[in-house]
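Here are a few worked exercises to try with the structure open in your viewer. Have a go at each task before you read its solution.

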Amino acid sequence: MTIDIISGSTVPGLAAGIARHMGVVAHYPSITKFPDGEIRIIEGDYTPSETVAYVQTMHPHPNDTLVEMQITVDLLKELGAKRVIAVVPYLGYMRQDARHVQGEAISVRTVLKTLDFVGVNDIVGVDLHLHRLGQAELESFCKIRIHEVSAMDLLAAKAGKKLSKPLVIGPDAESERWAARAAELLGTDYDVLEKTRISAKEIRIKPRKLDANGRDVLIIDDIVSTGGTIMEVIRSLKAQGAGRITVACTHAVLSDIDTLTGLFRAGMGEFIATNTINNEFGIVDVSSIIADKIKEIT
Ligand code: R5P
């Protein structure tokens with residue numbers, strides 16, 4: 001079966017990589033903006049195959065990328081695609097999965113419902129932020145089948161090359177599955193910290209004695225956004241005499257202008273991430289694991 005790989009505007013290189021692993025060439029629709037900022041998609045005389053995989057990550061500009069995805073998927077369905085697999089390597093709005101104050105929107109539900117409405121049949125995401133809601137709960141919001149692949153093996157292998165038997169640290173309970181896996185692969189030990197989020201930017205990490213003195217450390221997490229979480233962890237590790245500290249994450253959101261400078265200032269030696277988001281740190285390529293998942297589900 002031929003599966004077309006169609007690229008949105010955000011990660012065209014990743015789309016090309018996925019296509020290469022699938023033995024096809026990616027298709028790039030015309031994506032422009034009207035002077036007022038509205039998005040315009042043109043497919044020309046392109047006729048999609050029955051099954052298509054549309055590749056669009058949700059950073060930067062989560063709202064624009066979402067609208068672009070909605071318009072494109074709707075168009076692909078209109079042009080004849082029967083099954084649209086939305087490959088959304090970084091699925092935004094996943095952290096808005098609970099009502100923290102009265103009347104707050106559970107936005108991830110809205111996002112999934114709208115993608116369902118325009119015709120998305122499957123979502124393939126990388127290291128989904130399944131902290132409070134599980135995959136089954138997300139699927140209960142819509143008719144979309146949700147599939148997850150993990151970049152943690154690739155990240156651990158890359159980071160592990162330069163570290164000697166590092167202590168692997170997960171910043172919070174939710175990251176335990178990734179810290180444990182990375183430690184297993186590197187044949188070393190891991191620990192998980194206790195984090196309390198006070199606000200989007202203020203984090204508290206419960207102080208605890210770690211076996212970090214003189215050791216290399218690999219901190220592993222799904223997202224680095226403001227960097228607040230990792231900065232607190234680095235400070236605590238440095239205070240306990242840690243050696244080289246590498247931070248590895250799947251999605252380098254890096255939302256603040258001083259996220260990276262803050263991390264390096266705190267004592268981070270190296271930062272590595274995947275190409276789910278297009279930036280200079282995305283050196284771990286997830287195209288093969290996404291292509292394998294597409295092959296598995298089609
Ligand atoms: C939280 O549950 C996530 O796994 C990350 O730890 C978090 O999103 C990182 O955010 P920030 O970099 O803003 O602290």
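**Exercise 1. A glycine and an aspartate**

Which helix is glycine 160 found in? Then work out whether this glycine is buried or exposed, and place aspartate 153 alongside it.

Solution. Keep in mind that this is a predicted model.
- Step 1: glycine 160 belongs to helix 5, which covers residues 152-160.
- Step 2: the relative accessibility of glycine 160 is 17%, and the cut-off for buried is under 20%, so glycine 160 counts as buried.
- Step 3: pick isoleucine 234 as a second point; it sits 74 residues from glycine 160 in sequence, with 18 Å between the two C-alpha atoms.
- Step 4: helix 5 also holds aspartate 153. Its relative accessibility is 30%, so aspartate 153 is classed as partly exposed.
- Step 5: look for what aspartate 153 touches beyond four places in sequence, and you get Arg181 and Leu185. Arginine 181 is 28 residues away along the chain, yet its C-alpha is 7.4 Å from that of aspartate 153.

**Exercise 2. Two helices side by side**

How do helix 2 and helix 3 pack, and at what angle?

Solution.
- Step 1: find helix 2 at residues 62-78 and helix 3 at residues 107-118; their axes are 8 Å apart and the angle is about 25°.
- Step 2: angles under 35 degrees count as roughly parallel, so that is the label for helix 2 and helix 3.
- Step 3: list the residues that meet. Helix 2 brings Leu66, Met69, Gln70, Val73, Asp74 and Lys77, while helix 3 brings Val111, Thr114, Leu115 and Val118.
- Step 4: sort the contact between helix 2 and helix 3 by class, and out come six nonpolar, two polar and two charged residues.

**Exercise 3. The five-stranded sheet**

What is the strand order of the open sheet of five strands, and which strands stand at its edges?

Solution.
- Step 1: the order reads 1-4-5-6-7, and the pairing is parallel.
- Step 2: strand 1 (3-7) and strand 7 (145-149) are the edge strands, as each of them pairs on one side only.
- Step 3: the average twist from one strand to the next is 20°.
- Step 4: zoom in on strand 1 and strand 4 (residues 51-55), a parallel pair joined by five bridges. One residue pair to check is isoleucine 5 with its bridge partner in strand 4, alanine 53.
- Step 5: add the helix. Helix 9 (residues 287-297) lies across strand 1, strand 4, strand 5 (83-87), strand 6 (120-126) and strand 7, and it runs at about 145° to strand 7.

**Exercise 4. The six-stranded sheet**

Now repeat the job for the open sheet of six strands: what is its order?

Solution.
- Step 1: this sheet goes 9-8-12-13-14-15, with parallel pairing.
- Step 2: strand 9 (190-192) and strand 15 (282-284) each have a single partner strand, so each has one side without a neighbour in the sheet.
- Step 3: the twist here averages 35° from one strand to the next.
- Step 4: seven bridges link strand 12 (residues 217-224) and strand 13 (residues 245-252), which run parallel. Valine 224 faces alanine 252 of strand 13.
- Step 5: stay in strand 13 for threonine 246. Its relative accessibility is 5%, so threonine 246 counts as buried. Beyond four places in sequence, its contacts are Ala159, Leu163, Val217, Leu218, Ile219 and Glu270.
- Step 6: helix 6 (residues 176-186) lies across strand 8 (167-170), strand 9 and strand 12, at about 140° to strand 12.

**Exercise 5. A hairpin**

How many residues lie between strand 2 and strand 3 in their hairpin?

Solution.
- Step 1: there are five residues between strand 2 and strand 3, and glycine 37 in the turn has a positive phi of about 100°.
- Step 2: strand 2 (residues 30-33) runs antiparallel to strand 3, and four bridges join them. Threonine 32 stands opposite arginine 40.
- Step 3: split strand 3 (residues 39-42) by face. Ile39 and Ile41 make up the covered face, Arg40 and Ile42 the uncovered one.

**Exercise 6. Cysteines**

How many disulfides does a search of the whole structure find?

Solution.
- Step 1: the search gives zero disulfides.
- Step 2: check burial next. Cysteine 142 has 12% relative accessibility and counts as buried; cysteine 249, at 0%, is buried too.

Key: Residues are numbered from 1 along each chain as its sequence is written. This is a predicted model: local features need pLDDT of at least 70, side-chain atom pairs count only at pLDDT 80 or more; totals for chains, interfaces and linings use all residues. Side-chain values use heavy atoms; hydrogens and water are left out. Axes are lines fitted to C-alpha atoms, for helices over the stretch in contact, and angles run from 0 to 180 degrees between N-to-C directions. Angles under 35 degrees count as roughly parallel, over 145 as roughly antiparallel, 65 to 115 as roughly perpendicular and the rest as oblique. Contact means heavy atoms within 4.5 Å. Ala, Val, Leu, Ile, Met, Phe, Trp, Tyr, Cys and Pro count as nonpolar, Asp, Glu, Lys and Arg as charged, and the others, Gly among them, as polar. A disulfide is a pair of cysteine sulfur atoms within 2.5 Å. Buried means under 20% relative accessible area, exposed over 50%, partly exposed in between (1.4 Å probe, protein chains only). Two strands pair if DSSP finds at least two bridges between them.
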